[in-house]
Amino acid sequence: AGFEQMEHEMLADPDVVLRPFRRCELLNEIYPSTNVLLHFSRMETFGFTILEAISFGIPVVSVKFKAIPEMVDHGFNGFLCNPFNWDGASPLDELCMNTPAWKEKCIAEGVEYVEAILRDDKLEESMRKNAFEKARQFDFSIRHLELSRMYNTGI
């Protein structure tokens, strides 16, 4: 199934809503009732959508790209697709991400991960717990304490 076909199927599904949401709706209604965040950004630096989702204990399926692996540990609090075999260190030709092949491979791998999460209640429960744990590492008060300790002790 191509991206256009997937979009067409989502638009035809009465359980799928594709529209802009206000922030208060996201925080009060959508995140609390979400099972999995499917996030295929091609231009992400530090995804606050991902961070918000894991703070709600939502497993994330995203791409192994830029800062995303700092937030999503593959198999721990979500899954990372790696459709272009980028090692995270080498220069990346971002043009490869603007191809139908990249989109297709991302969608296929991502759907496989989402189905695994939704099929296995224990996996979803474990990933939700792990997502909360991972979100704590980005908590501002904890980061502030760590930075204060580093500056005050000269580490």
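This tour moves through a predicted model, from the whole chain to a helix, a loop residue and a pocket.

**Whole chain**

Begin with the entire protein chain in cartoon view. Its secondary structure amounts to seven helices and three strands. Traced from the N terminus, the elements follow the order α-α-β-α-β-α-β-α-α-α. Switch next to a surface representation: the accessible surface is about 9,800 Å², and carbon and sulfur atoms account for 56% of that area. Of the 155 residues in the chain, 34% count as buried. A contact map adds a further view of the fold: among contacts between residues at least 6 apart in sequence, 53% join residues at least 24 apart.

**Helix α3**

Select residues 48–55, which form helix α3. Which residues of this helix are buried? They are I50, L51, E52, A53 and I54. To see what covers these buried residues, display their surroundings, which include α2, β1, β2 (60–63), α4 (68–71) and α6 (121–136). Then step just past the helix to G57, where phi is positive, at about 75°.

**Residue T34**

Move now to T34, in the loop that connects α2 (23–30) with β1 (37–38). Is T34 buried or exposed? T34 is buried, because its relative accessible area of 16% falls under the 20% cut-off. Show the side chain of T34 as sticks together with the backbone of I30: a polar atom of that side chain lies 2.5 Å from the backbone oxygen of I30. Leaving aside residues up to four places away in sequence, T34 touches I58 and R128. R128 falls within α6 (121–136), one of the elements that also cover the buried residues of α3.

**The largest pocket**

Finish at the largest pocket, which holds about 1,400 Å³ of space. Its lining consists of 34 residues, and for a central view one should select M10, L18, V36, L37 and L38, the closest to the pocket centre. Colour the chain by element next: α1 (3–12), α2, β1 and α5 (100–119) each give two or more residues to the lining. Which element supplies the largest share of the lining? That element is α5, with nine residues. Finally, colour the lining by residue class, which gives 20 nonpolar, seven polar and seven charged residues.

Two elements link these stops: α2 and β1 flank the loop that holds T34, they are among the elements covering the buried residues of α3, and both contribute to the lining of the largest pocket.

Key:
Residues are numbered from 1 along each chain as its sequence is written. This is a predicted model: local features need pLDDT of at least 70, side-chain atom pairs count only at pLDDT 80 or more; totals for chains, interfaces and linings use all residues. Side-chain values use heavy atoms; hydrogens and water are left out. Helices (H or I, at least four residues) and strands (E, at least two) are DSSP runs, numbered from the N terminus. Buried means under 20% relative accessible area, exposed over 50%, partly exposed in between (1.4 Å probe, protein chains only). A polar contact is a pair of N or O atoms within 3.5 Å; within protein, one must be able to donate a hydrogen and the other to accept it, and residues adjacent in sequence count only if both atoms are side-chain atoms. Contact means heavy atoms within 4.5 Å. On a 1 Å grid over the protein atoms alone, a cavity is a set of points where a 1.4 Å probe fits but cannot get out, and a pocket is an open set with protein on both sides within 12 Å along at least five of seven lines; lining residues have an atom within 4 Å of a point. Grid points are joined across faces, edges and corners, and a volume is the space filled by probe spheres set on the points. Ala, Val, Leu, Ile, Met, Phe, Trp, Tyr, Cys and Pro count as nonpolar, Asp, Glu, Lys and Arg as charged, and the others, Gly among them, as polar. Accessible areas come from the Shrake-Rupley method with a 1.4 Å probe; for residues, only the protein chains shown count as cover.
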